[in-house]
Amino acid sequence: MGKEVAAGFLLFRRLSDQIQYLLLQASYGTGHWTPPKGHLEAGETEFEAALRETKEEAGYSEADLKVYKDHFHEMHYQVKGNDKRVIYWLAELENPQKEPELSDEHVARKWLPKDEAIALSGFSNFEEMVRKFHDVIVSKLS
């Protein structure tokens with residue numbers, strides 16, 4: 001089997017003095033919570049896939065986001081016996097009041113502070129990414 005490749009953005013917003021991360025609950029499988037992401041389509045780059053998937057799953061276009069292309073995180077894990085690689089870039093919602101528009105792939109959405117987002121996701125690789133990006137936001141992007 002080949003390696004699956006997916007891409008997305010870890011979206012965050014600043015409300016008052018709080019940094020919050022967007023998680024979407026899948027409408028399939030275990031109903032897991034993740035940032036917007038999806039598989040690459042033919043001829044698409046990882047970054048193009050991240051933009052398309054974020055538009056499809058959350059309704060945000062590139063114009064809605066400040067993307068930090070220098071800040072990305074790769075995850076490698078197994079799904080149903082297949083190797084999967086996911087790359088996320090860090091992106092800030094320009095208008096923190098603009099709520100996501102969910103596709104039929106998701107049934108709920110939550111903006112959460114770091115520790116609550118980590119707890120809801122429950123994935124150690126997600127925790128590693130959020131902690132890494134949170135440190136970047138606090139130390140370099142403030």
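K37 touches A7, G8, E53, E57, Y77, K84, V86 and Y88, leaving out residues up to four places away in sequence. This is a predicted model, and in it K37 is buried yet has no salt bridge. Besides that lysine, there are two nonpolar cores and a handful of aromatic pairs to look at, taken in turn below.

**The buried lysine**
- K37 is found in strand β4, which covers residues 37–39.
- What is the nearest side chain of opposite charge to K37? That's E57, 6.7 Å away. A salt bridge here needs a side-chain nitrogen within 4 Å of a carboxyl oxygen, so K37 and E57 don't make one at 6.7 Å.
- E57 still shows up among the residues K37 touches, and so does another glutamate, E53.

**The nonpolar cores**
- The largest nonpolar core has 22 residues, and the ones with the most contacts inside it are L10, F12, Y21, L90, F126, M129 and I137.
- Strands β1 (4–15), β2 (18–26), β5 (65–79) and β6 (82–93) each supply at least two residues of this core, as do helices α2 (114–121) and α3 (124–140).
- Which element gives the most to this core? It's α3, with six residues.
- Take Y21 as a close-up: leaving aside neighbours within four places in sequence, its contacts are L10, L11, F12, K110, W111, L112, P113, K114, A117, V130, H134 and I137.
- Apart from the largest core lies another one, of 18 residues, with L51, A58, Y60 and I87 among them.

**Aromatic pairs**
- How many aromatic pairs does the structure hold? Five, and two of them are picked out here.
- F9 and F47 have ring centres 5.8 Å apart and planes at 80°, so this pair counts as edge-to-face. The pair ties together distant parts of the chain, with F9 in strand β1 and F47 in helix α1 (residues 46–58), 38 residues apart. Both F9 and F47 are buried.
- F12 and Y68 are stacked instead, at 6.3 Å centre to centre with 20° between the planes. This pair also links distant parts of the chain: F12 sits in strand β1 and Y68 in strand β5, 56 residues apart. F12 and Y68 are both buried, and F12 is one of the residues with the most contacts inside the largest core.

**Around F47**
- F47 joins F9 and W89 in one aromatic cluster.
- What lies over the face of F47? K69 does, at 4.5 Å from the ring centre.

Conventions
Residues are numbered from 1 along each chain as its sequence is written. This is a predicted model: local features need pLDDT of at least 70, side-chain atom pairs count only at pLDDT 80 or more; totals for chains, interfaces and linings use all residues. Side-chain values use heavy atoms; hydrogens and water are left out. A nonpolar core is a set of buried Ala, Val, Leu, Ile, Met, Phe, Trp, Tyr and Cys residues joined through side-chain atoms within 4.5 Å. Buried means under 20% relative accessible area, exposed over 50%, partly exposed in between (1.4 Å probe, protein chains only). Helices (H or I, at least four residues) and strands (E, at least two) are DSSP runs, numbered from the N terminus. Contact means heavy atoms within 4.5 Å. Rings of Phe, Tyr and Trp (its six-membered ring) pair if their centres lie within 6.5 Å; planes under 30 degrees apart count as stacked, over 60 as edge-to-face and the rest as tilted. A charge sits over a ring if NZ of Lys or CZ of Arg is within 6 Å of the ring centre and within 35 degrees of the ring normal. Lys and Arg count as positive and Asp and Glu as negative; His and the chain ends are not counted.
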